Amino acid sequence: MDKYCVMGNPVEHSKSPWIHARFAQLTGQDMEYGKRLVATNTFASTVRAFRAEGGKGCNITVPFKFEAAPLATTLTARAELAGAVNTLRFDGDDVFADNTDGIGLVADLTRNAGIKLARVDVLLIGAGGAAAGVLGPLIEARPRSIVVANRTQAKAGVLIERHAELAAMHNVRLAAPELHEVRDGFEVVINATASSLAGEAVPVSPEVLMRGTLACDLMYGPAAQGFMDWASQHGAIARDGLGMLVEQAAEAFAVWRGVRPPSAQVLAELRAALA
Ligand code: ATR
């Protein structure tokens, strides 16, 4: 039976084994998916050991997404632009590396939340690893503009610079103003900061939210609650990152198995199981 796993630290509470087991069941794929706790400085050797056991691929989560690219013999353009990898596929001696986080987010927003990204104004809060992982695919969804706002403005500047060529290709305006300068209303606001996790206030003015704005945190559970409450209190439609989690998993599943699982159904089941 083909073996897959998620590698990270911590990994105990990962929902990925549940999601992939359900995908496999619903698509009739004969595979197993486990989890591996990876100790600091042992990422490359853990991947090697898993391959030696016949592992066919893995997902990579915190804090190892930045360590996987050097292991790749093929790195997708979007993983290279993100500077991070969340999916590895082992084909004999070859290691194919991808990042499905951004397309997972876009799939969740457009298919599950049913919003339009084309020709709207998007605010991306944050400029760390999570923001870098989603900016490329957001650009490819062709909004009118994306404003990247971060506590440390210089990091937002570097991030948009790295994406300037892609944005020009898709005719998307990118900007990285100081946080206090961000006051316009946006149709879509995405929180890619750890501010909710830290229990701190959302670092932008609520003026960015209009009635009907879709405000999505990339996290879910208690880590997303602060942002979601803030969004709802100011008239926006709040969404957590559970849909992105399922959709990035669906994209990884397709990379491995060549089959698209019924992700909307599995998202509904996961929400019900967590309720
Ligand atoms: P991740 O991989 O989750 O993105 P990261 O790369 O450490 O983690 O990035 C964390 C992001 O959350 C950054 O944008 C960070 O802002 P800085 O670049 O200024 O550090 C942001 N962040 C973390 N805590 C924050 C807080 N209390 N208020 C505002 N932004 C915060």
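## How helices H1 and H9 cross

In this predicted model, helix H1 (residues 16-27) and helix H9 have axes that come within 10 Å of each other and cross at roughly 55 degrees. The two helices are therefore oblique to each other, because an angle that falls outside the roughly parallel, perpendicular and antiparallel ranges counts as oblique. As for the hand of the crossing, H1 passes H9 in a right-handed manner.

Which residues make this contact? From H1 come Ser16, Ile19, His20 and Phe23, while H9 brings Val246, Ala249, Ala250 and Phe253. Sorted by class, the residues of the H1 contact with H9 are six nonpolar and two polar, with no charged ones.

## Two domains

Stepping back to the whole protein, the domain assignment gives two domains. Domain 1 is made of residues 2-99 together with 243-274, and domain 2 covers residues 115-240. Their C-alpha centres lie 26 Å apart.

## Where the domains touch

How many residues does each domain put into the contact? Domain 1 gives 10 residues and domain 2 also gives 10.

On the domain 1 side, helix H3 (77-82) and helix H9 (242-257) each supply at least two residues. The top contributor to that side is H3, with three residues. If you like to think in terms of chemistry, the side of domain 1 that touches domain 2 has six nonpolar residues, two polar and two charged.

H9 is thus worth a second look on screen: this helix helps form the side of domain 1 that touches domain 2, and Phe253 is one of its residues in contact with H1.

Technical notes
Residues are numbered from 1 along each chain as its sequence is written. This is a predicted model: local features need pLDDT of at least 70, side-chain atom pairs count only at pLDDT 80 or more; totals for chains, interfaces and linings use all residues. Domain bounds come from an automatic or database domain assignment. Two residues are in contact if their C-beta atoms, placed from the backbone, lie within 7 Å. Helices (H or I, at least four residues) and strands (E, at least two) are DSSP runs, numbered from the N terminus. Ala, Val, Leu, Ile, Met, Phe, Trp, Tyr, Cys and Pro count as nonpolar, Asp, Glu, Lys and Arg as charged, and the others, Gly among them, as polar. Axes are lines fitted to C-alpha atoms, for helices over the stretch in contact, and angles run from 0 to 180 degrees between N-to-C directions. Angles under 35 degrees count as roughly parallel, over 145 as roughly antiparallel, 65 to 115 as roughly perpendicular and the rest as oblique. A crossing is left-handed if the near helix is turned anticlockwise from the far one by less than a right angle, and right-handed if clockwise.
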